[in-house]
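Please walk me through this protein model, starting with its overall fold and then moving to single residues. I am new to structures, so explain each term when it comes up.

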Amino acid sequence: MVVSVRDALEYLKKDVSENELERKINAIESLIRDETNNNFQMRRMRFYAPSEQEGVIGSSPFLEPGDTVEINESINEGIYTVVKIENGIIGLDRKLYAAGCNMVTKVVYPEAVKEGVLNMLQWELNMRSKTGIKSETLSRHSVTYFDMDAANSIDGYPASLLGFLEPYYKAR
């Protein structure tokens with residue numbers, strides 16, 4: 001996960017359920033990976049290992065609970081969070097299928113991306129309901145909207161909010 005739910009709750013200082021926040025963080029992480037065409041993998045921190053329902057069988061000196069890993073070349077393809085490491089099994093946040101070989105790669109997000117995600121979450125919770133409003137007057141109530149077209153937005157977020165992604169774009 002790009003930022004932990006605990007860190008997001010601490011930053012936002014809002015009363016939001018952990019499940020809702022986790023869902024939003026996962027959606028934003030997916031958006032960032034798709035938009036930038038960057039999977040943020042540390043290819044030097046990669047290993048191959050079998051899996052069972054409880055997790056990946058084996059251990060790795062560079063993984064610890066809370067880390068994000070990506071599994072490829074397997075039926076278990078996807079992004080997971082390391083929950084625990086004990087008894088030779090790396091426990092992940094979701095069940096796995098038994099597979100003879102999984103390519104497991106550590107995913108590391110730069111601090112700028114983490115901060116950008118926190119800003120996106122804050123915008124999501126505070127401004128999503130006001131999307132498109134450019135100005136609003138109270139006396140004689142007047143509302144002016146701005147265009148939320150392709151030039152001004154990226155996947156429903158203002159383009160200016162996603163400016164932090166610029167250094168992380170990769171060619172398609």
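**From the barrel to its residues**

Strand 4 (residues 78-86) and strand 5 (residues 89-92) run antiparallel and are joined by 4 bridges. Helices (H or I, at least four residues) and strands (E, at least two) are DSSP runs, numbered from the N terminus, and two strands pair if DSSP finds at least two bridges between them. One bridge partnership here links Ile85 to Ile90 in strand 5. In general, the strands of a sheet pair through backbone hydrogen bonds, in either a parallel or an antiparallel way.

This is a predicted model, in which local features need pLDDT of at least 70 and side-chain atom pairs count only at pLDDT 80 or more, while totals for chains, interfaces and linings use all residues. Residues are numbered from 1 along each chain as its sequence is written, and side-chain values use heavy atoms, with hydrogens and water left out.

The protein chain has 3 helices and 10 strands. Along the sequence they follow the pattern α-α-β-β-β-β-β-β-α-β-β-β-β. Of the 172 residues in the protein chain, 40% are buried; buried means under 20% relative accessible area, exposed over 50%, and partly exposed in between (1.4 Å probe, protein chains only). Among contacts in the protein chain with a separation of 6 or more, 65% involve residues 24 or more positions apart. Contact means heavy atoms within 4.5 Å.

The barrel comes next. It is closed by 6 strands in the order 1-2-5-4-3-6, with antiparallel pairing. From one strand to the next the twist averages 50°; axes are lines fitted to C-alpha atoms, for helices over the stretch in contact, and angles run from 0 to 180 degrees between N-to-C directions.

Its pairings can be followed one at a time. Strand 1 and strand 2 (residues 55-57) pair in the antiparallel sense over 2 bridges, and a hairpin connects these strands through 2 residues. Ser51 stands opposite Val56 in strand 2. Strand 1 is also joined to strand 6 by 7 bridges, again antiparallel, and Tyr48 stands opposite Met103 in strand 6.

Strand 3 has two partners to consider. With strand 4 it pairs in the antiparallel sense over 4 bridges, and with strand 6 it runs antiparallel and shares 5 bridges. Glu70 has Ile79 as its bridge partner in strand 4, and Glu70 stands opposite Thr105 in strand 6.

Is strand 3 enclosed or not, and why? In strand 3 (residues 68-72), 5 of the 5 residues are buried, so the strand is largely enclosed by the rest of the structure. In a regular strand the side chains alternate between the two faces of the sheet. Here Thr68, Glu70 and Asn72 point one way, Val69 and Ile71 point the other way, and all are buried.

The hairpin of strand 3 and strand 4 has 5 residues between the strands, and Glu73 takes a positive phi near 55° there. Ser74 lies in the loop between strand 3 and strand 4. Ser74 has a relative accessible area of 17%, so it counts as buried. Leaving out residues up to four places away in sequence, Ser74 touches Ala99, Cys101 and Asn102. A polar atom of the Ser74 side chain lies 3.0 Å from the backbone nitrogen of Asn76.

Arg33 lies in helix 2 and is buried, with a relative accessible area of 12%. Apart from neighbours within four places in sequence, Arg33 is in contact with residues including Glu70, Ile79 and Tyr109.

Tyr109 leads to the aromatic rings. There are 4 aromatic pairs, where rings of Phe, Tyr and Trp (its six-membered ring) pair if their centres lie within 6.5 Å; planes under 30 degrees apart count as stacked, over 60 as edge-to-face and the rest as tilted. Phe40 and Tyr109 form a tilted pair, 5.1 Å centre to centre with 45° between the planes. Phe40 is in the loop between helix 2 (18-36) and strand 1 (41-52), and Tyr109 is in the loop between strand 6 (99-107) and helix 3 (111-127), so the pair ties together parts that are 69 residues apart in sequence. Phe40 counts as buried at 6% relative accessibility, and Tyr109 counts as buried at 5%. Phe40, Tyr109 and Tyr168 form one aromatic cluster.

Methods:
Polar contact = N/O pair within 3.5 Å; in protein donor to acceptor, adjacent residues only side chain to side chain.
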